[in-house]
Amino acid sequence: MNPPQKIVHSGLEEVNVPGPVFLKAALSECDDPLKAIESFQVENGILLPSLRPMLPLLDLHGVRRLDFHTSVLEELRDKLIAHINELGAKEGRQRDAKLKELLVKSFPVVRVKALRPVVMCILRNTPHIEDKYLRILVRDRELYQDTDTEVKRQIWRDNQSLFGDEVSPLLSQYIREKEHILFDHLNLNNLFFTPTPKVRRQGEVVQKLAHMIGNSVKLYDMVLQFLRTLFLRTRNVHYCTLRAELLMALHDLEVQDIISVDPCHKFTWCLDACIREKNVDMKRSRELQGFLDNIKRGQEQVLGDLSMTLCDPYAINFLATSAIKILQHLINNEGLPRE
């Protein structure tokens, strides 16, 4: 004898909408299944008296009731999502209270795939999501995969291991791409040092990391810690490049919450400008030296981060090229470095 099939609650019952459990009970207890199905359709269809006479016309055109109801659902869902996004664009306590009310009413149906986009839209527009909702999203792999990055940021802030699982493949991809360009001796058109800093930080991995971080200082610090640890463990200088490119990508996006607290920002910005212009004049040279001289005792981590910035192959290439240019100029003019 086969064990009875377990009916999974969809969440519809929690919002007083007949779902799989109700339908199973109705079919199990009725004498006429066809009549029970017809009764279910009448009670749970679109309750518009003017629509009832039109349904047979759809039947004549071969339009199934499922297709009709699905199209209506999709249209209403899109309009509701647009309205929620409009609400989310506003500011103030009234908006927060309304979003919270919508979330309480709609979250029970988050496992209904057709309605999930509405719930995810409410979550995406909610600045501070309660832990009870975040825990459910983390426990259910399917829900977590469908969650928007804006919501995942709130999950990652208190779950470093989960954030590490998301970031790790991107870091590995970045290293592979850099090494492929560096060691690909057959491709003479895409040389390693050819792209400008602005072009390099438009790369897929850097942009993805910047999007994942958003304006969260905590997530940014986590990524920096990953990069420091991996650089110390592997001595792979491409992690240094990524550290500089990520900071400058956030600079381009004007994420003030992060760049204003990163002590390496001005130094990296100045060095980036020198690399972009392929020149370091006296003013910028003094600025770079000033940043290094201003590091005080107890700021060893800042010194370590600046060391990573200077260990970037693009920075080394630029500084070495600049030194050779100066030496060449001195040789041509029969001068000495101190002059």
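# Tour: aromatic pairs, cysteines and one cavity

Select Phe291 to begin: the residue is partly exposed, because its relative accessible area is 25%, which falls between the 20% limit for buried and the 50% limit for exposed. Note that the model is predicted.

**Stop 1: aromatic rings**

Display the rings of Phe, Tyr and Trp next. The structure has seven aromatic pairs. One of them is Phe163 with Phe226, with ring centres 6.2 Å apart and planes at 35°. That pair is tilted, because the angle lies between the limits of 30 degrees for stacked and 60 for edge-to-face. Colour by helix to see where the two residues come from: Phe163 is in helix H10 (residues 160-183) and Phe226 is in helix H13 (residues 217-234). The two are 63 residues apart, so the pair links distant parts of the chain. Phe163 and Phe226 are both buried.

Now return to Phe291, this time together with Phe267. What is the geometry of the rings of Phe267 and Phe291? Their centres are 6.1 Å apart and their planes are at 75°, so this pair is edge-to-face. Phe267 belongs to helix H16 and Phe291 to helix H17 (residues 282-293). These residues are 24 apart in the chain, and the pair is again a link between distant parts of it. Is Phe267 buried or exposed? Phe267 is buried, because its relative accessible area of 3% is under the 20% limit.

Add Trp156 to Phe163 and Phe226: these three residues form one aromatic cluster.

**Stop 2: charges over rings**

Select Tyr144 and Lys152. Lys152 lies over the face of Tyr144, 4.7 Å from the ring centre. Then move to Tyr314, where the charged end of Arg200 sits over the ring at 3.6 Å from its centre. Keep Arg200 displayed for the cavity below.

**Stop 3: cysteines**

Show the cysteine sulfurs. How many disulfides are there? The count is zero. Cys270 is in no disulfide, and the nearest cysteine sulfur to it, that of Cys274, is 4.7 Å away. The limit for a disulfide is 2.5 Å, so this distance does not qualify. Cys270 is buried, because its relative accessibility is 6%. Cys274, in helix H16, is also buried, with a relative accessible area of 0%. Cys30 can be checked by the same limits: at 23% relative accessibility, it counts as partly exposed.

With Cys274 still selected, add Phe318. Their C-alpha atoms are separated by 8.3 Å, although the residues are 44 apart along the chain.

**Stop 4: the cavity**

Turn on a cavity display. A search of the whole structure finds one cavity of 30 Å³ or more. The largest cavity has a volume of about 120 Å³. To find its centre, select Arg200, Ala244, Asp272, Ile275 and Asp312, which are the closest to it of the 13 lining residues. Three elements each give two or more residues to the lining: helix H11 (197-200), helix H14 (238-252) and helix H16 (265-277). Which element gives the largest share of the lining? H16 does, with four residues.

Finally, colour the lining by residue class. The lining of the largest cavity has six nonpolar, two polar and five charged residues.

Terms used:
Residues are numbered from 1 along each chain as its sequence is written. This is a predicted model: local features need pLDDT of at least 70, side-chain atom pairs count only at pLDDT 80 or more; totals for chains, interfaces and linings use all residues. Side-chain values use heavy atoms; hydrogens and water are left out. Buried means under 20% relative accessible area, exposed over 50%, partly exposed in between (1.4 Å probe, protein chains only). On a 1 Å grid over the protein atoms alone, a cavity is a set of points where a 1.4 Å probe fits but cannot get out, and a pocket is an open set with protein on both sides within 12 Å along at least five of seven lines; lining residues have an atom within 4 Å of a point. Grid points are joined across faces, edges and corners, and a volume is the space filled by probe spheres set on the points. Ala, Val, Leu, Ile, Met, Phe, Trp, Tyr, Cys and Pro count as nonpolar, Asp, Glu, Lys and Arg as charged, and the others, Gly among them, as polar. Rings of Phe, Tyr and Trp (its six-membered ring) pair if their centres lie within 6.5 Å; planes under 30 degrees apart count as stacked, over 60 as edge-to-face and the rest as tilted. A charge sits over a ring if NZ of Lys or CZ of Arg is within 6 Å of the ring centre and within 35 degrees of the ring normal.
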